[in-house]
Structure formats: C-alpha cells, structure tokens
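Good morning, colleagues. Please look at the sequence and the model on the screen, and I shall then take you through the interface, a pocket and the salt bridges.

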Amino acid sequence: MRTRTAQVAWLFASLALFSPEALAAEAGPGAPWWIWPVALFVSCFLLGIIAVPAGVGGGVLFVPIVSGFFPFHLDFVRGAGLLVALSGALAAGPRLLDGGLANLRLALPLALIASTSSILGAVIGLALPASAVQVALGLAILGIVAVMASVRNSEHPHVPQADRLSQALGMHGIFTDGATGSTTPWRVHRTPAALVLFVFIGILAGMFGLGAGWANLPVLNLVMGVPLKVSAGTSSFILTLVDSSAAWIYLNQGAVLPIIAAPSVIGMMLGARIGARVLHRVPAATIRRLVLALLLFAGLRALLKGLGIWT
Amino acid sequence: MDVSPDVAQKRYARWLAWGTRLGLALLVLGFIAYILGLAPHVPIERLPALWQRPASELLEHSGLQPGWHWASLVHRSDMLVIATIGFLASCSIASLVAVIPAFARNRENVFVVICILQVAVLLLAASGLFAGGH
C-alpha cells in the first residue's frame with residue numbers, strides 16, 4: 001500500500017514539478033534550441049506513463065498541454081498530436097486484431113466514414129485562424145472532460161435486436177475474456193446513428209489532432225452496444241485509419257516538424273511502455289482523476305489563450 | 001480453399017505489424033541522422049524562429065511548397081524524417097490491399113468495396129490535392 005502511494009505521489013510530483021515554462025525561464029532568453037525538444041520528450045514520456053492507466057490515447061493529452069505550455073504554433077502541435085495518436089494505435093493495432101480485442105468488420109465501415117471526414121476536419125482546422133482553433137480546442141477539451149467524467153461505460157451492453165445494416169455487414173462476434181476465460185456472443189444496434197456520429201468524430205480528430213479514441217469508445221460501447229473490451233480495442237484500431245488520412249493533410253501542408261513530431265512520438269511510446277507495466281500497480285481511479293484535472297486545466301488554458309486573456 | 005473471416009483479420013494484423021515496425025525503426029534512424037546534423041534542409045538552429053509561426057509561413061521561409069515538394073529533398077535528413085512519417089501514415093494501405101483477396105474469396109463483396117474505398121480515401125489524403133494553408 002505504501003509502495004503504491006509512493007508511486008502515485010511520484011507521478012504527481014513529476015508532473016507538478018516539471019514545467020517547460022519554468023525550464024525555459026531558468027535557461028534564459030538565449031537558451032539553446034535543444035531545450036524545447038528535450039522538454040517535449042520528457043513531457044511526452046510522463047504523459048505516456050499516465051495515458052495507459054487512465055485509458056486515454058496520447059493525442060487528447062498531448063495537444064492541449066503542449067499547445068498551452070510550449071512555444072510551438074498550434075499547426076505543428078496538432079500535426080504532432082495526430083502522429084502521437086497514430087503511432088500508439090499502430091503499435092497496439094496488430095496485437096488487438098490478433099487477440100480478437102479489435103474487430104476488423106466492425107471497424108472498417110466506421111473508419112471509412114471517420115477517415116473521410118477527418119480530411120475535411122484537417123482542411124478546416126488548417127484554414128481557420130489559430131486563435132479560433134485555440135478557442136474551439138479549449139471548448140472541445142472541456143466537453144471531453146465532461147464526457148469522460150459523466151459517461152459510465154457498460155461491460156456487456158444489452159442489445160435486444162441487431163439492426164439490419166449491422167447484420168448485412170457482419171458486425172458481430174464472440175468475445176473471449178482473457179481474464180476470466182468466459183465467452184460472450186455480441187451483436188450491435190443503432191449502426192446508422194453511429195455512422196453519423198463517426199462523421200463528427202472524424203472532423204474533430206482532423207481539426208484538433210486529438211486522436212478521438214475518447215469519442216470512439218462511448219459510441220461503440222453505449223450507442224452500438226459492443227462489449228467494453230472489444231470497444232476499447234476496436235476504437236484504438238479505428239485510429240490507425242482515421243489519423244492516417246488526417247496526418248497526410250498536415251504533412252503536405254508543412255504542419256509536421258520533425259523536431260517536434262519525432263521526440264513526441266518516441267517519448268510517448270516509451271512512456272506508454274512504462275505505463276503498461278505499472279497498469280496493475282497504480283490505482284486507475286486516481287490516475288483518471290489526475291488526467292481529468294490535467295485536461296480541465298489545459299482546456300481552460302487553451303480557451304483563455306485563444307481569447308487572448310492568458311497568452 | 002475456404003478462407004474464414006479470421007484469416008482476413010489475422011492477415012491484416014500481420015501486415016500492419018511489419019509496416020509499423022519498419023516505419024518506427026526508420027523514424028528513429030531518420031531522427032538520429034537529423035539531430036546529428038546530417039545535411040538538413042532547414043538548419044536546426046533556425047527552427048526556434050520558425051516553430052512559433054503558422055505552417056504556411058514555415059513553408060515560405062524554408063523555400064518549400066505545400067504538397068509533395070518535400071519528396072524531392074528526401075536526401076536531406078529533415079525531409080527523410082518527413083518521409084518516414086509518410087510511410088507510417090501509409091502502412092495501413094498495404095494491410096487493406098492484402099486483405100482484399102481474403103474478403104473476395106469469402107464472397108464478402110461489401111468489404112472488398114469498403115477496403116478499396118478506404119485505400120482511395122488514404123491515397124486522396126496523401127495526394128496533396130488538399131494542400132492549401134491559412
């Protein structure tokens with residue numbers, strides 16, 4: 001118990017003490033260029049550690065925090081945010097598919113819709129003035145905090161009858177829980193409504209570079225009735241396609257800067273490996289509250305920065 | 001030969017795993033070359049003055065054009081990193097193409113069409129047709 005408390009205290013202390021702004025102030029105006037990439041790498045490493053136990057992708061933490069506290073333009077932060085989310089999803093995708101935690105037939109139609117609309121979101125996001133996107137980002141993050149704090153996912157949702165579209169697409173399966181060994185057949189309903197929701201999810205992902213796993217999961221689980229673990233796995237897999245198309249738009253518009261994108265991706269992936277190891281040793285509820293507090297703070301910061309109140 | 005639905009999913013997973021491994025390895029190698037200062041197109045020392053500006057201004061100041069212009073400078077280490085990122089953002093295409101025959105053999109024509117459409121969307125996104133800016 002004492003060890004667990006110490007681990008959580010260490011995480012809190014790391015996040016509280018490590019302030020990129022303080023680091024830059026310490027270094028002075030003539031600070032060498034490498035201060036920021038190093039600070040970014042360390043920040044992403046820490047974010048990666050808490051992202052896994054909190055059950056969120058890296059992008060949703062990365063974009064508001066890095067855009068709020070680092071000197072990079074929002075274009076580059078969103079481009080890197082998409083790559084952080086994409087690389088995490090790509091790294092997990094094969095294992096999720098192989099283990100049956102992601103379902104290809106469930107994911108492909110939804111991903112097709114969302115990846116198409118993510119192109120639109122990226123084009124809109126890069127065409128709008130940065131201050132407008134910053135305000136919208138702040139509002140979106142505060143909305144995400146509200147969704148994450150209020151939604152209670154269901155482990156095995158009740159689906160009385162599969163809809164016709166899902167039957168035609170073969171969106172069903174048998175989920176074997178690795179922890180208990182139990183098998184549960186599943187089917188889905190409200191597929192047309194979910195497809196419409198994925199249009200908006202794609203736009204948000206492309207516009208803000210957020211990844212959008214936070215939105216995929218409740219739609220799959222609560223709207224369509226997919227078991228929670230299959231929802232989580234399929235949500236992550238969908239990001240491999242949605243974020244790929246949006247990432248290309250950012251890349252071809254010059255909004256991917258290697259000095260920002262590469263340390264972010266590498267830091268987040270290394271941190272996530274640590275996060276996966278400590279997953280069973282830290283209290284997930286505490287980490288989740290920490291993430292919600294971080295997002296609330298970063299969302300307010302983005303909103304106030306966009307409004308010119310806290311620049 | 002009967003191809004069960006699981007075959008398509010496993011094949012997709014296999015192709016995605018190899019693509020991702022290769023992409024991430026190339027990204028790390030490219031980035032090492034970049035931070036070692038191996039002939040970048042934009043000198044690293046200039047970046048602090050540029051990364052605070054919109055992407056369109058960075059392109060302007062670095063003599064780059066929106067779209068695939070970066071590919072013509074892939075011998076430069078920073079553009080090499082961009083190429084490895086492009087590879088990562090494209091490795092799903094190979095996986096999608098790889099499962100089309102499995103879906104076709106299984107007579108899942110809807111998924112053959114969905115895979116083709118998804119490849120088309122990714123190619124459209126990558127094409128540079130949407131390159132514009134602020």
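Let me begin with a term. By a polar contact I mean a pair of N or O atoms within 3.5 Å, where, within protein, one must be able to donate a hydrogen and the other to accept it. Residues adjacent in sequence count only if both atoms are side-chain atoms. Please bear in mind that this is a predicted model.

With that term in place, how many residue pairs are in polar contact across the interface of chain A and chain B? The rule finds 14 such pairs, with both residues at pLDDT 80 or more. On the chain A side, at least two residues each are supplied by helix 3 (35-54), helix 5 (74-98), helix 6 (104-127), helix 11 (228-252) and helix 12 (258-278). Helix 6 of chain A gives the most to this side, namely twelve residues. By residue class, the side of chain A that touches chain B comprises 42 nonpolar, 13 polar and three charged residues.

Turning to the extent of the interface, 58 residues of chain A are in contact with 60 residues of chain B. About 4900 Å² is buried between the two chains, and 74% of that area lies on carbon and sulfur atoms.

I come now to charge pairing. Side chains of opposite charge can pair when their charged atoms come close. Over all chains, the structure holds four salt bridges, and across the interface of chain A and chain B the rule finds two. Arg105(A) and Glu108(B) are joined through their side chains in a salt bridge, at 2.9 Å from N to O.

Within chain A, a salt bridge links the side chains of Asp75(A) and Arg78(A), with an N to O distance of 2.7 Å. Where do Asp75(A) and Arg78(A) lie? Both belong to helix 5 of chain A and are three residues apart, about one turn of the helix.

Finally, the second largest pocket has a volume of about 420 Å³. Its lining consists of 23 residues, of which Gly100(A), Asn103(A), Ile174(A), Asp6(B) and Gln9(B) are the closest to the centre. Helix 5 and strand 1 (172-176) of chain A, together with helix 1 (5-35) of chain B, each supply at least two residues of this lining. Strand 1 of chain A provides the largest share, five residues. In composition, the lining of the second largest pocket has ten nonpolar, eight polar and five charged residues.

Thank you for your attention.

Conventions. Residues numbered from 1 in each chain as written. Chains lettered and ligands numbered in written order. Predicted model: local features only at pLDDT ≥ 70, side-chain atom pairs only at ≥ 80, totals over all residues. Heavy atoms only, no water. Contact = heavy atoms within 4.5 Å. Buried area = accessible area lost by both parts, 1.4 Å probe. Helix = DSSP H or I, 4+ residues; strand = E, 2+ residues; numbered from the N terminus. Nonpolar A, V, L, I, M, F, W, Y, C, P; charged D, E, K, R; others polar. 1 Å grid on protein atoms, 1.4 Å probe; cavity = no way out; pocket = protein on both sides within 12 Å on 5 of 7 lines; lining within 4 Å. Points joined across faces, edges and corners; volume = space filled by probe spheres on them.
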